[in-house]
Amino acid sequence: MRRPVFLCLGILAVSCLEFEIFPGHSYLQSGTQIYLPVLERLDTPGYLSRDLIATSTSVSYTIYDEVTLFAHDAVRLDFKKALLVQQFLFRAAAVAGIFLLARATGLSGLLSLLVAALVNLGAMLPGPAACITGPEPVPSEFAFGAVVLAMGLLARGKPLFSGFMAGVAFLYDPVIAAPFWAVVLLAFLSSREWRARLKPMLPIFAVFVLLLANLVQLQPGVSSGQSLFASVSPSLAELQRMRTPYVWASTWAGHEIWNYLAIFVFGIWAAARVWPLLNRQMRWLVMGMSATGLASVLCSYLLLDELRFAVMARIQPSRMLVFTVALSSLLCALAGMSALFRRRRWEALGWFAFVLALPVNARIFDLPRAGPVRVANLPSVQEQSIAELASWAESSTWGSSLFLFPDAGRQMYPGIFRAESRRALWADWKSGVVVDYPEPAGLEWWARWQETMDRPYSPARLRAMLTLPIDYYVLRRQNKLVGVKTVFANREFLVYDAEDLRAARLP
């Protein structure tokens with residue numbers, strides 16, 4: 001009885017260490033800058049009604065918003081806590097999944113826990129801009145953890161629990177869950193023996209598909225406004241290649257695909273070394289899902305780059321590459337353990353070196369020039385100043401007020417301000433992800449960006465912006481305007497009322 005308890009405590013300990021130390025976690029540094037304004041608007045429709053991100057992006061095809069809003073309203077958690085709790089639970093699910101996969105090969109509990117800790121150090125994938133054990137609490141990361149746990153449960157002969165976890169993953173991100181269900185369906189159709197084992201999973205999958213379909217119909221979020229077969233116009237395609245190049249395989253696959261092919265080959269090589277240790281379920285899963293990850297790049301290229309289906313920019317099939325990298329890392333860790341048991345220490349060192357190299361840089365051909373990759377957080381002084389500015393805006397301005405940071409350029413702090421203050425922005429760099437959504441929103445963002453923030457700031461440019469329907473302009477202190485009063489000021493930022501600027505004589 002004590003052993004399972006100790007193993008569960010070990011899984012929690014590994015999850016806590018990786019959550020707090022490396023690869024760590026972050027909030028409002030990347031993807032949550034997009035999702036949080038949408039959640040705020042769903043929670044309180046009166047806010048952010050003039051913001052492009054909040055009104056143009058959608059969470060219609062994920063249960064992410066329902067779960068977070070439930071935790072916010074029923075459990076009384078603020079959005080940050082609601083998202084971080086989910087993130088930790090799915091991080092622990094990923095650790096438990098790798099642990100179960102390792103246990104399925106006959107490794108002891110302690111060694112399986114070590115393998116889980118190594119593999120879940122994660123990796124940032126250049127090209128598709130996807131992450132294994134990503135730092136932000138976003139739907140794709142939640143779905144990845146649920147899929148990995150589903151794999152572990154299936155490898156241990158628990159198809160019902162596996163189907164449930166894979167169904168949860170499907171609700172959070174159908175694209176990330178797709179490789180698992182594709183392998184399950186292929187195995188079901190190709191093997192009579194597998195049909196008896198996998199048959200209980202298919203009704204579970206059907207229930208989750210119907211549930212997601214019903215949620216899509218009932219959600220109060222904005223409509224996508226985009227036909228399934230709509231094509232990308234030449235102007236929008238050019239804009240997407242500039243702002244979100246990771247969705248177009250042709251912009252990165254030519255030079256990045258060789259790294260992923262090499263990782264896949266290492267995974268195949270490692271699988272050959274441990275093949276007798278893999279049960280039939282695990283063989284299907286690791287080989288099928290690794291191959292699906294590579295195939296997703298070709299799928300993305302054909303459907304978006306060649307056939308120009310606009311919906312592919314939102315789906316981003318190449319994100320499935322996370323399974324190619326993660327499963328290759330797992331197989332190499334297992335090969336390293338196997339080499340240790342056979343007392344082949346140099347071979348084991350080589351396998352473990354590969355596993356430890358991936359968190360440093362997934363471009364394995366560039367490892368000599370690599371360094372640890374982490375999300376760059378704001379300096380503490382600037383973070384505090386943004387928090388003060390957001391607090392002032394929330395308490396002292398109308399909920400429909402519109403802000404602009406004309407000297408921010410491509411920095412991320414305007415998006416943090418929007419999320420923490422629940423006030424709309426006219427334009428900022430992070431809002432540019434709307435170019436992957438219906439065309440009018442993307443073109444509108446581009447027009448606003450060019451008009452206000454595309455070129456370096458100057459008072460003359462600011463004067464040209466004063467005809468826009470912006471209520472407040474926020475400048476860095478070094479760009480202080482002489483002779484114009486501020487409505488708020490702190491160590492980093494100065495806020496000017498648009499009416500005062502129009503009345504002043506700017507140079």
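These legends describe close-up views of a predicted model. Residues are numbered from 1 along each chain as its sequence is written. In this predicted model, local features need pLDDT of at least 70, side-chain atom pairs count only at pLDDT 80 or more, and totals for chains, interfaces and linings use all residues, while side-chain values use heavy atoms and leave out hydrogens and water.

**View 1. Confidence across the protein.** The mean pLDDT (the predictor's confidence in each residue, from 0 to 100) is 91. Of the residues, 94% reach 70 or more. Residues 221–225 have pLDDT below 50. Beyond near neighbours in sequence, this stretch has 9 contacts (heavy atoms within 4.5 Å) in the model. Where pLDDT is low, the predicted coordinates should not be read in detail.

**View 2. One face of helix α4.** Helix α4 spans residues 64–73 (helices, H or I of at least four residues, and strands, E of at least two, are DSSP runs numbered from the N terminus). Its residues Tyr-64, Asp-65, Thr-68, Leu-69 and Ala-71 are buried. Buried means under 20% relative accessible area, exposed over 50%, and partly exposed in between (1.4 Å probe, protein chains only). Down the axis of α4, the buried residues fall within an arc of 160°, so they line one face of the helix. The arc is that of the directions from the helix axis to the C-beta atoms. These residues pack against α2 (32–43), α5 (79–103), α7 (139–155) and α8 (159–172).

**View 3. Asn-120 in its loop.** Asn-120 sits in the loop between α6 (109–119) and β1 (123–125). Asn-120 is buried, at 4% relative accessible area. Leaving aside neighbours within four places in sequence, its contacts include Glu-18, Pro-23 and Thr-133.

**View 4. A buried salt bridge.** Asp-428 forms a salt bridge (a side-chain nitrogen of Lys or Arg within 4 Å of a carboxyl oxygen of Asp or Glu) with Arg-418. The closest N and O atoms are 3.3 Å apart. Asp-428 lies in the loop between β4 (424–425) and α20 (439–452), and Arg-418 in helix α19 (residues 413–421). Asp-428 is buried, at 1% relative accessibility. Arg-418 is buried too, with a relative accessible area of 1%.

**View 5. A salt bridge within helix α20.** Arg-448 and Glu-444 form a salt bridge, with the closest N and O atoms 2.8 Å apart. The two are 4 residues apart in helix α20, so about one helical turn separates them. Arg-448 is buried at 11% relative accessible area, whereas Glu-444 is partly exposed at 32%.
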